[in-house]
Amino acid sequence: MSDMKQRQYDALVTAIHTVVLEPGRWDAILKRIGDSVEATSGTFYFCDKSSGNPGQWHFAEREDDWLKCYPETMAAVDPWTVAAARSAVGQWVCEPAFFDDSHIRDGFARKKGGASEARRVTASRAFDDGANFALVGFLRQGDAPAFNGADAEFLGRLSPHLELACRLSSEFSRLRVQAAIARQALDRLATPLWVVDSDANVLFANHAAEAGLPGIALRQGKLMPGTAALANRLSSLLARATGDKPMSGALALEHGDAARMTVLVAPLPADSPLAADWRRPLALLMAHSPTSTDSQPLDVLTALYGLSPAECRLSSLLLEGCTLTEAAERLEVQVSTVRTQLKSIFWKTGTHRQGELMKLLSGPLLLKA
């Protein structure tokens, strides 16, 4: 590879990884990759395997009428789409003689461009996680030569980076959806709740939190305790909740007629659905009266901590007072299975003992009617 081509490759690798956090840049990335192999235009899309329907579409240098008709009428009969989908992930199909004349005359060639254009395409299955896959392709028009082995080799070097970018983009998209669902669930809670970082900066607060906390003000997006003692206590709890070995704790606050409010400070791990936008350990502050006997809805636990349905069922039985053996009998599974599930719940909730877990799960986060 020449020095110029190497510099071009290095710049493209950097650009490809920017789309993980900026999905809107796919069109620009396609154009840059296409320019590197002298392509006229490029196409990229994710596809749901279960339905077979393309999801996200991205185009570079395509006419408006083509953009409107291709996803609906041409993608299903495009022989290059079929060829790329059947090839190994990362393999670029660009052999000019790949199709015989009868195939070229079929469906797609009659709808768009004819045999000569079909032979000036290169395409690849860039990503496949079993549930979704992504296809990317480039086209040369006019009298341009067909893509050759050198083009495939250069694009092949970019393939691992395209696959990683697709995989991370897919995962971040999933987490963003889960985060949106989690926030909707939390906004239905009658109890004040905040998501904060280790410095008490508020990243999310539900509607019930608008009234604030007694003795703690919100200034410029940060919780500010009114006394040094309260500030030290909150700082210590946040450090524990967001540290290397996260642990839950509680903060007692006085309010109205000498009544007391307890604020549970619980870990929110970086891979929690609710932390998807920040990707670092955070703390969840939940305010409630310690005299309440109501239980926290398990669907909210799912939103907060990403518990699986099986883990939610086990949590519910533990809240009822079942032992692990009794829970295993009720769930009709082995005790070893519920022990494994309990370890997973500990890890997701940042707790270390059943007593600590029960304290977290029994917080009275009542759903509004």
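Which residue takes a positive phi in the hairpin of β6 and β7? In this predicted model, that residue is Ala200, with a phi near 75°, in a hairpin that has five residues between its strands. The protein has 369 residues, of which 45% count as buried, and contains 14 helices and twelve strands. The points below cover the overall make-up, the nonpolar cores, the β6 and β7 hairpin, the helices α11 and α13, and selected single residues.

**Overall make-up**

- The protein exposes about 18100 Å², and carbon and sulfur atoms supply 52% of that area.
- Among contacts between residues at least 6 apart in sequence, 58% join residues at least 24 apart.

**Nonpolar cores**

- The largest nonpolar core holds 29 residues, and the members that touch the most others are Ile33, Phe44, Phe138, Leu158 and Cys166.
- Two or more residues of this core come from each of α1 (3-18), α2 (26-36), β1 (41-48), β4 (121-128), β5 (132-139) and α8 (149-187).
- Helix α8 gives the largest share of this core, namely seven residues.
- Ile33 touches Leu12, Ile16, Phe138, Leu155, Leu158 and Leu162, when residues up to four places away in sequence are not counted.
- Another core, of 25 residues, lies apart from this one, and its members include Leu193, Tyr305, Cys312 and Leu357.

**The hairpin of β6 and β7**

- Strand β6 (residues 193-196) and strand β7 (residues 202-205) pair in the antiparallel sense over three bridges.
- Within this pairing, Trp194 stands opposite Ala205 in β7, and Val195 stands opposite Phe204 in β7.
- Leu193 and Val195 point one way from β6, whereas Trp194 and Val196 point the other way.
- Residues on both faces of β6 are buried, since this holds for Leu193, Trp194, Val195 and Val196 alike.
- Leu193 of this strand is also one of the members of the core of 25 residues.
- Ala200 lies in the loop between β6 and β7.
- Ala200 is not a glycine, yet has a positive phi of about 75°.
- Most residues other than glycine have a negative phi.
- Ala200 counts as buried because its relative accessible area is 6%, under the 20% cut-off.

**Helix α11**

- Helix α11 spans residues 309-319, and its buried residues include Glu311, Cys312, Leu314, Ser315, Leu317 and Leu318.
- Cys312 of this helix is named among the members of the core of 25 residues.
- Just after α11, Gly321 takes a positive phi of about 100°.

**Helix α13 and the loop before it**

- Helix α13 (residues 335-349) has 15 residues and reaches 21 Å from its first C-alpha to its last, close to the 21 Å expected at 1.5 Å a residue.
- Val338, Gln341, Leu342, Ile345, Phe346, Lys348 and Thr349 are buried in α13.
- These buried residues lie on the same side of α13 because they cover an arc of only 165° around the axis.
- Thr340, Lys343 and Trp347 are exposed on the other side of α13.
- Just after α13, Gly350 takes a positive phi of about 75°.
- Glu332 lies in the loop between α12 (324-331) and α13.
- Glu332 has a positive phi of about 60° although it is not a glycine.
- Glu332 counts as exposed because its relative accessible area of 73% is over the 50% cut-off.
- Ala200 and Glu332 each have a positive phi without being a glycine, but Ala200 is buried, whereas Glu332 is exposed.

**Asp151 in helix α8**

- Asp151 has its place in helix α8.
- Asp151 is buried, with a relative accessible area of 12%.
- Leaving aside neighbours within four places in sequence, Asp151 is in contact with Val37, Arg140 and Ala146.

Definitions and conventions. Residues are numbered from 1 along each chain as its sequence is written. This is a predicted model: local features need pLDDT of at least 70, side-chain atom pairs count only at pLDDT 80 or more; totals for chains, interfaces and linings use all residues. Side-chain values use heavy atoms; hydrogens and water are left out. Helices (H or I, at least four residues) and strands (E, at least two) are DSSP runs, numbered from the N terminus. The expected span of a helix is 1.5 Å times one less than its number of residues. Buried means under 20% relative accessible area, exposed over 50%, partly exposed in between (1.4 Å probe, protein chains only). The arc is that of the directions from the helix axis to the C-beta atoms. Two strands pair if DSSP finds at least two bridges between them. A nonpolar core is a set of buried Ala, Val, Leu, Ile, Met, Phe, Trp, Tyr and Cys residues joined through side-chain atoms within 4.5 Å. Contact means heavy atoms within 4.5 Å. Accessible areas come from the Shrake-Rupley method with a 1.4 Å probe; for residues, only the protein chains shown count as cover.
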